[in-house]
Amino acid sequence: MAQFLERGGRQRPKSSPIRPFKSEKLSDSPRIKRIETTFYPVQELHVITYPVLTTKLFRLTPVLKASIVARVNNPLGFVQFAPRKELLATKDHLLDLLCRGLAGKASQVIFFDKHTDQAHKDLKRITDVAYAMVADHGMGKSAPNLSFQEARSQQRRVNLWSNQLQHEMDEEVSTIVQDQYERAIAIIKLNKELIDKLSCRLYEKKTLNEDEVSTLIKEHGPVVEP
């Protein structure tokens, strides 16, 4: 592929890579009604689900900004969360974190019946958090009073745990993540119309801050939970 250079030999920055999908199921969204064969990006729905779920996951810090504007490390947009003030995280807090982290992937499945690689960073963090809960922090049933954090951080086992215990921890981690994924699915399904309206607004404005999201939720909400 040819590289286009600006004057002075500098490479022109690449445009944001958009991964469109052709809708197989037309919704009532004004964005989708524009033309029957509309191609539309999935990132606004992926991004907007995080602040929506955060309104019900009260243990988590709020979303300061949701944007589909490309950045160097985030070509498909980003979500900025407020910093945590608490020094300790409870098990319930980490479960909420997993639920919110799976919101983007869940929204793609619900709205498009598609799986993309847009959620790979979320899934990596979710895997790390879930294994830390079970293997490091004693928050699981398979190793409730043990911690393998040092051995895992050095990527070595040194016979600290058996294959059977590893299997039990793997199974428990998988169950924890699946439970939070289903929890995210349930919340998104109950608020599908609200999320679609907010995603249309994000599609128009490209960036929404915390106050704008709160105002839109008050106008079109409230957010319903199972």
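## Exercises on a predicted fold

Leaving aside neighbours within four places in sequence, Ala-103 is in contact with Thr-49, Tyr-50, Leu-53, Ala-184 and Ile-188. Contact means heavy atoms within 4.5 Å.

The model is predicted: local features need pLDDT of at least 70, side-chain atom pairs count only at pLDDT 80 or more, and totals for chains, interfaces and linings use all residues. Residues are numbered from 1 along each chain as its sequence is written, and side-chain values use heavy atoms, with hydrogens and water left out.

### Exercise 1. Place Ala-103 and describe its helix.

Solution.
- Step 1: Ala-103 lies in helix 3. Helices (H or I, at least four residues) and strands (E, at least two) are DSSP runs, numbered from the N terminus.
- Step 2: At 0% relative accessibility, Ala-103 is buried. Buried means under 20% relative accessible area, exposed over 50%, partly exposed in between (1.4 Å probe, protein chains only).
- Step 3: Take the pair Ala-103 and Ile-188. They are 85 residues apart in sequence, yet 7.8 Å apart in space, C-alpha to C-alpha.
- Step 4: Widen to helix 3, residues 103-112. Eight of its 10 residues are buried. Among them are Ala-106, Ile-110, Phe-111 and Phe-112.

### Exercise 2. Describe how helix 1 and helix 2 pack.

Solution.
- Step 1: Two packed helices are described by the angle between their axes and the distance between the axes. Axes are lines fitted to C-alpha atoms, for helices over the stretch in contact; angles run from 0 to 180 degrees between N-to-C directions.
- Step 2: For helix 1 (residues 43-54) and helix 2 (residues 91-101), the angle is about 150 degrees and the axes lie 9 Å apart.
- Step 3: That angle makes helix 1 roughly antiparallel to helix 2. The cut-offs are under 35 degrees for roughly parallel, over 145 for roughly antiparallel, 65 to 115 for roughly perpendicular, and oblique for the rest.
- Step 4: Helix 1 brings Tyr-50, Leu-53 and Thr-54; helix 2 brings Cys-99, Arg-100 and Gly-101.
- Step 5: Sort the residues of this contact. They divide into three nonpolar, two polar and one charged. Ala, Val, Leu, Ile, Met, Phe, Trp, Tyr, Cys and Pro count as nonpolar, Asp, Glu, Lys and Arg as charged, and the others, Gly among them, as polar.

### Exercise 3. Find the two faces of helix 8.

Solution.
- Step 1: In helix 8 (residues 210-220), Val-213, Leu-216 and Ile-217 are buried.
- Step 2: These three cover an arc of only 100 degrees around the axis, so they sit on the same side of helix 8. The arc is that of the directions from the helix axis to the C-beta atoms.
- Step 3: Check the spacing. An α-helix has 3.6 residues a turn, so residues three or four places apart point the same way.
- Step 4: The face turned away from the buried side carries exposed Asp-211, Lys-218 and Glu-219.
- Step 5: The buried residues pack against helix 1, helix 7 (192-205) and strand 5 (207-209).
- Step 6: At the N-terminal end, Asn-209 caps helix 8, with a side-chain oxygen 3.2 Å from the backbone nitrogen of Asp-211.

### Exercise 4. Which side chain shares a polar contact of 2.8 Å with Ser-67?

Solution.
- Step 1: Ser-67 belongs to strand 3 (residues 63-67).
- Step 2: With a relative accessible area of 1%, Ser-67 is buried.
- Step 3: Beyond four places in sequence, Ser-67 touches Val-47, Gly-77, Phe-78, Leu-202, Lys-206 and Thr-207.
- Step 4: The partner is the side chain of Thr-207. A polar contact is a pair of N or O atoms within 3.5 Å; within protein, one must be able to donate a hydrogen and the other to accept it, and residues adjacent in sequence count only if both atoms are side-chain atoms.

### Exercise 5. Pick out the unusual backbone spots.

Solution.
- Step 1: Start from the rule. Most residues other than glycine have a negative phi, and most peptide bonds are trans.
- Step 2: Asp-113 is not a glycine, but its phi is positive, about 55 degrees. Asp-113 lies in the loop between helix 3 and helix 4. At 57% relative accessibility, Asp-113 is exposed.
- Step 3: Lys-206, also not a glycine, has a positive phi of about 75 degrees. Its place is the loop between helix 7 and strand 5. At 38% relative accessibility, Lys-206 is partly exposed.
- Step 4: Gly-221 and Pro-222 are joined by a cis peptide bond, with omega about 5 degrees. Pro-222 is in the segment after helix 8.
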